[in-house]
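Trainee: May I ask for a close look at a single part of this structure? Please explain how that part is built and how it is joined to the rest.

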Amino acid sequence: ELRLLSRGTRFSDEGSTPTSMSSAQDSMKDLWSKVKTGASNAATSAQIAAEKAQLQAQIALLQNKTKAAKKDMGLQIYDAMAIGDQDEVARVFAEFKTQVDSLEAQISEKKGRIEVLDYQR
């Protein structure tokens, strides 16, 4: 025997759980699952954005270091050229080229990581 309650919810004699409650619970579980997934996606997007911003700041710092190294090299080469010391010019250039190449490699690595992060979005 089924008893009719308000709003059309029925109870069976065998249990006290409304028959429509199961579908309502399923709907709530589905909704909660979607909320959790959305929150997780938002958190992941925020983490990606934060890492990307950090990488961009590091790139800017490395670019400034590259520019400063080239400026220092120019000053030292100028002084060596002013006195006609070609060996010193070559030595200074080789020293700074190694430094600049290292900085540029770090910049390229960070730009590559940004590309990976952009792909993950």
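Mentor: The answer below takes up one helix and its partners.

The model is predicted, so local features need pLDDT of at least 70 and side-chain atom pairs count only at pLDDT 80 or more, while totals for chains, interfaces and linings use all residues. Residues are numbered from 1 along each chain as its sequence is written, and side-chain values use heavy atoms, with hydrogens and water left out.

The protein chain has two helices and two strands, in the order β-β-α-α. Helices (H or I, at least four residues) and strands (E, at least two) are DSSP runs, numbered from the N terminus. Our subject is helix H2, residues 86–120. Among the elements of the chain, H2 has the highest mean pLDDT, 96, whereas strand S2 has the lowest, 51; pLDDT is the predictor's confidence in each residue, from 0 to 100. Where pLDDT is low, the predicted coordinates should not be read in detail.

From its first C-alpha to its last, H2 reaches 50 Å over 35 residues, close to the 51 Å expected at 1.5 Å a residue. The expected span is 1.5 Å times one less than the number of residues.

The buried residues of H2 are Val89, Val92, Phe96, Val100, Leu103, Ile107, Lys110, Ile114 and Leu117. Buried means under 20% relative accessible area, exposed over 50%, and partly exposed in between (1.4 Å probe, protein chains only). An α-helix has 3.6 residues a turn, so residues three or four places apart point the same way.

Two salt bridges (a side-chain nitrogen of Lys or Arg within 4 Å of a carboxyl oxygen of Asp or Glu) lead from H2 to helix H1. In one, the side chains of Arg113 and Glu51 meet at 2.8 Å, N to O. Arg113 lies in H2 and Glu51 in H1, so this pair ties together parts that are 62 residues apart in sequence. In the other, Asp118 pairs with Lys52, their closest N and O atoms being 2.6 Å apart. Here too distant parts are linked: Asp118 in H2 and Lys52 in H1 are 66 residues apart. Asp118 is partly exposed at 37% relative accessibility, but Lys52 is buried at 18%. Beyond its neighbours within four places in sequence, Lys52 is in contact (heavy atoms within 4.5 Å) with Ile114, Leu117 and Asp118.

Another salt bridge joins Glu88 and Arg91, at 2.7 Å, N to O. These two residues are three apart in H2, separated by about one helical turn. Salt bridges with shared partners join Glu88, Arg91 and Glu95 into one network.
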